[in-house]
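Me: Please take me through one part of this model closely: the seven-stranded sheet. Start with how the strands are ordered, then work outward to what surrounds them.

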Amino acid sequence: MTTRKILVTGGAGYIGSHTVRLLLDQGYEVTVVDNLSKGYRENVPVGHLVEMDIADTRRLAAVLKESGAEAVVHFAAFIAVGESMREPARYFSNNVCGSLSVLAAMADAGVRHIVFSSTAAVYGNPHATPILETFPIQPVNVYGESKVMVETLLRWFDEIHQITNVRLRYFNACGADPQGRLGEQHEPETHLVPLVLRAVESGQPVTIFGDDYDTPDGTCIRDYIHVNDLARAHIQALEYLLGGGTSDAFNVGTGTGHTVLEIIRAVEEVTGRKVPYTTGPRREGDPAALVAASDKLRTKLGWKPQYTDLREIVRHAWNFARKSKTGT
Ligand SMILES: NC(=O)c1ccc[n+]([C@@H]2O[C@H](COP(=O)([O-])OP(=O)(O)OC[C@H]3O[C@@H](n4cnc5c(N)ncnc54)[C@H](O)[C@@H]3O)[C@@H](O)[C@H]2O)c1
């Protein structure tokens, strides 16, 4: 069998770097394109990184041709919801225009498949939970809207250039490489698990936004998915497209929700330390519960989460946090 060649945008970032490791482990030939605006050089094995911006369509088309890529996994984007509401132009430009450039380069280079990092934020405040892929698309922030706009671009590039796509709508990515080589290190960090771990380390309290929701303990429920389970969904999506599958959207979540307090308890169990926290008011636009219906991904792509124990997910994140701090 010939080696499959894949180009990964944003492969120096959190989810991209885990996916790149898994692709390499499974024998794929991988070229990473990343401008390192948010990612880390050391996240990419030596010899695989092309340092460039995805907005450079001409150069990207040349890299696609040189690498012989048959498919693209497109992670590169800005990801912070709050920031997107303060700087919409920057978000639309990087996320939408950047993706348009990726698609134009693919059309030029004759690359026919793309797996795209979409998000549960496309559903906004859904009318029910668990959330099905058929629920209305009604984003409530610029970040979510930017992903909807790219999903629209994908439809037209399929229709006109026969570029087939899988849109993976992730829920809350968390955890780290079980061997501790990679992990989550966003700056600024906005995700719960690393924030709680930072609170444990620094003694500075983490804020819980609202404890009066209609949930068992009053705090918000989210669907926490281990980054390696997420990475595997990309490989299954690639295999589906390379095998002739048609364009489709899939939720990627475990189908089980956990409250903020459950995360805090899991961190306390794993670290053996008390988590300092304070409770603040609700954040505007934060729904009480966001949990994925992931049956479609399970039945159509044969995916199943491997990490369903919250403590195991937290343990991997904690191992990475300690390792990066001590530099070991
Ligand atoms: N982390 C989550 O929980 C989550 C949830 C839903 C969706 N997503 C999506 O998954 C993708 C990856 O998220 P992440 O958490 O790994 O983010 P990340 O910030 O760690 O990684 C993004 C990577 O893209 C690179 N990048 C950004 N703009 C670029 C550009 N113009 N040219 C080249 N490289 C560029 C950054 O340098 C970074 O390495 C994003 O598209 C994000 O919207 C993430």
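Reply: The sheet is open, and its seven strands run in the order E3-E2-E1-E4-E5-E6-E11. The pairing is parallel. Strand E3 (49–51) and strand E11 (248–252) stand at the edges. Each has a single partner strand, so one side of each is left without a neighbour in the sheet. From one strand to the next, the twist averages 20°. Keep in mind that this is a predicted model.

Now look at one pair inside the sheet. E5 and strand E6 (residues 164–170) are joined by seven bridges, in the parallel sense. Two places help to set the register. Phe116 stands opposite Arg167 in E6. Ser117 stands opposite Leu168 in E6. Helix H5 (residues 142–161) packs on the sheet and touches both E5 and E6. The direction of H5 makes about 160° with that of E5.

E6 deserves a closer look. Seven of its seven residues are buried, so E6 is largely enclosed by the rest of the structure. Both faces are covered. On one side sit Thr164, Val166, Leu168 and Tyr170, and these are buried. On the other side, Asn165, Arg167 and Arg169 are buried as well. Arg167, the residue opposite Phe116, therefore belongs to a covered face of a strand that is largely enclosed.

The loops next to these strands have some backbone details to check. Gln162 is in the loop between H5 and E6. Its phi is positive, about 55°, although Gln162 is not a glycine. Gln162 has 11 other C-beta atoms within 10 Å, so it counts as exposed. Pro130 lies in the loop between E5 and H5. The peptide bond that joins Thr129 and Pro130 is cis, with omega about 0°. Leu36 is in the loop between strand E2 (29–34) and E3. Leu36 is not a glycine either, yet has a positive phi of about 60°. It has 15 C-beta neighbours inside 10 Å, so Leu36 counts as partly exposed.

Next, the ligand. It is surrounded by 27 residues. The closest are Gly10, Gly13, Gly39, Ala77 and Ala173. Several elements supply at least two residues each to this shell: helix H1 (14–25), helix H4 (88–109), strand E5 (113–119) and strand E7 (172–174). E5, a strand of the sheet, is thus one of the contributors to the shell. The largest share, three residues, comes from H1. By class, the shell has twelve nonpolar, twelve polar and three charged residues.

How does this part sit in the whole chain? The chain is divided into domain 1 (5–174 + 224–252) and domain 2 (192–222 + 255–326). The C-alpha centres of the two domains lie 24 Å apart. The contact between them takes 26 residues from domain 1 and 23 residues from domain 2. On the domain 1 side, the elements that give two or more residues are E7, strand E10 (224–226), helix H7 (227–242) and E11. E11 is an edge strand of the sheet. H7 gives the largest share on that side, seven residues. That side has 15 nonpolar, eight polar and three charged residues.

E7 appears twice, in the shell around the ligand and on the side of domain 1 that touches domain 2. In the loop between E7 and H6 you find Pro188. A cis peptide bond joins Glu187 and Pro188, with omega about 0°.

Finally, a second sheet, for contrast. It is open, with three strands in the order E12-E9-E14 and mixed pairing. Strand E12 (258–259) and strand E14 (289–290) are its edge strands, each pairing on one side only. Strand E9 (residues 221–222) runs parallel to E14, joined by two bridges. Ile221 has Ala289 as its bridge partner in E14.

Pro205 is another loop residue, between helix H6 (192–202) and strand E8 (206–209). With 12 C-beta neighbours inside 10 Å, Pro205 counts as exposed. Leaving out residues up to four places away in sequence, Pro205 touches Ala199, Pro276, Tyr277 and Thr278. Pro205 and Met52 are 153 residues apart in sequence, and their C-alpha atoms are 38 Å apart in space.

Notes:
Residues numbered from 1 in each chain as written. Predicted model: local features only at pLDDT ≥ 70, side-chain atom pairs only at ≥ 80, totals over all residues. Near = placed C-beta within 6 Å. Helix = DSSP H or I, 4+ residues; strand = E, 2+ residues; numbered from the N terminus. Nonpolar A, V, L, I, M, F, W, Y, C, P; charged D, E, K, R; others polar. Pairing = 2+ DSSP bridges. Axes fitted to C-alpha atoms, helices over the stretch in contact; angles between N-to-C directions. Contact = placed C-beta atoms within 7 Å. Domains from an automatic or database assignment. Buried ≥ 20, exposed ≤ 12 C-beta atoms within 10 Å, placed from the backbone.
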